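User: Got a minute to go through a structure with me? I'd like to get a feel for what packs against what.

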Amino acid sequence: MEPKPEDLFNIGSKTEVEAFSFDPELKNRLRHLEQDSALEVKLQQREIVRKNELLGGMNDAIAVQLKDDGSGVLKLESREKVIDSYKKERAAYIVDKFLGFGLVPPTVIREFIGDVGSLQEFIVDTLELHSLMLFKYGDCDTIEQSRNQKLKVFHDYLNDFLKLLIFDYLIHNSDRHDFNFLFKEGRIYAIDNGFTFDDKNQLRLFMPDNLFASSAKYILSPELKMNLNKTLEWGEGKSLLREKFKILLTQKQIDTFFKRLDNLRSIINSKNIITAIYTAR
Ligand SMILES: Nc1ncnc2c1ncn2[C@@H]1O[C@H](COP(=O)(O)OP(=O)(O)OP(=O)(O)O)[C@@H](O)[C@H]1O
Ligand SMILES: [Mg+2]
């Protein structure tokens, strides 16, 4: 008997689904998206035994110590300047899990003495950009020297910076200033991800001022490009992400996120990734 057209279609789509479910990296990502990791559970459940106001900043971030071991950065709803920024901290972490980038320290939502907020793992012994510049390249006496040092750091950490730019574009970050990412052991950590997902605020990306003037064209490494192309076709991951977003973001914020995710297709295939991110809407 001749197969019906819909049977052919089913065979085709099934093979496609199977191809994805056999990809060990995607399988891992899916598990990580579905279930909270041991670290997330620890952040959610362990008693907070000490707190320290020293972090200061816009949102009155509090450094806290957890019982037995571990520390975190707590941002309470009652102290926030922008509505629901603690939820966006968590949503940004979930996007990072979805992308498999590993930029954002584990971030959960938890209650604390009649309040609620985000708690992010505190990464010890990090350097912020300006300390790293001083440490690696020494004093700079002029603005021009400082710009050149930033560009050097950008080149030294190119792969992580390109991931960070893509990540910030997707979450529509309006606050990626020089102190909102940290360096440790060759990696970048993206912190302070609460001013995000709202299109009405202007997108703000980390960008050395002289980046556009430099003659270099920035393209993605083949691995990163392949990873992103895979993510864009990853239906199971996208539906799970949509589910996870429901308790964290408004419908409009969710829809505009997925619109930006669609835009990524043309961004990653462009000849100059930075220009492409900047001109994408
Ligand atoms: N996960 C983390 N690990 C290590 N240090 C962190 C972490 N999160 C925050 N910090 C430190 O605490 C500072 C303040 O935290 P954060 O930037 O998240 O708060 P904020 O109040 O929103 O700051 P601002 O408005 O000044 O950008 C950071 O600049 C950084 O030095
Ligand atoms: Mg900050």
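**Contacts, cores and odd backbone angles**

Analyst: Sure, let's start with D199: leaving out residues up to four places away in sequence, D199 touches H172 and T256. Keep in mind that this is a predicted model.

User: Where does D199 lie?

Analyst: D199 is in the loop between strand 8 and helix 8 (222–232).

User: Is D199 buried or exposed?

Analyst: Partly exposed. D199 has 15 other C-beta atoms within 10 Å, and a residue needs 20 or more to be called buried.

User: And how far apart in space are D199 and Q253?

Analyst: Their C-alpha atoms are 8.1 Å apart, while in sequence the two are separated by 54 residues.

User: OK, switching to the inside. How many residues does the largest nonpolar core have?

Analyst: It has 42 residues, and V95, L164, L165, F167 and A190 are the ones with the most contacts inside it.

User: Which elements supply at least two residues of this core?

Analyst: Quite a list. On the helix side they are helix 4 (85–99), helix 6 (143–156), helix 7 (158–171), helix 9 (235–245), helix 10 (251–268) and helix 11 (273–279). Strand 7 (181–184) and strand 8 (187–190) each supply at least two as well. Helix 7 gives the most, with nine residues.

User: Where does this core lie with respect to domain 2 and domain 3?

Analyst: Between them, because domain 2 (38–121) and domain 3 (127–279) both give residues to it.

User: Back to L165 for a second. What does L165 touch?

Analyst: Not counting residues up to four places away in sequence, L165 touches L205, I274 and I277.

User: Which residues does the second, separate core include?

Analyst: That one has eight residues, among them A61, I62, V64 and L119.

User: New topic: backbone angles. What is the phi of F197?

Analyst: F197 has a positive phi of about 70°, although it isn't a glycine. For context, most residues other than glycine have a negative phi.

User: Is F197 buried or exposed?

Analyst: Buried, with 29 other C-beta atoms within 10 Å. F197 lies in the loop between strand 8 and helix 8.

User: What about the phi of D84?

Analyst: D84 isn't a glycine either, and its phi is positive at about 60°. You'll find D84 in the loop between strand 3 (71–76) and helix 4.

User: Is D84 buried or exposed?

Analyst: D84 is partly exposed, with 17 other C-beta atoms within 10 Å.

Notes: Residues are numbered from 1 along each chain as its sequence is written. Chains are lettered from A and ligands numbered from 1 in the order in which they are written. This is a predicted model: local features need pLDDT of at least 70, side-chain atom pairs count only at pLDDT 80 or more; totals for chains, interfaces and linings use all residues. A nonpolar core is a set of buried Ala, Val, Leu, Ile, Met, Phe, Trp, Tyr and Cys residues joined through C-beta atoms within 7 Å. A residue is buried if 20 or more other C-beta atoms lie within 10 Å of its own, exposed if 12 or fewer, and partly exposed in between; C-beta atoms are placed from the backbone. Helices (H or I, at least four residues) and strands (E, at least two) are DSSP runs, numbered from the N terminus. Domain bounds come from an automatic or database domain assignment. Two residues are in contact if their C-beta atoms, placed from the backbone, lie within 7 Å.
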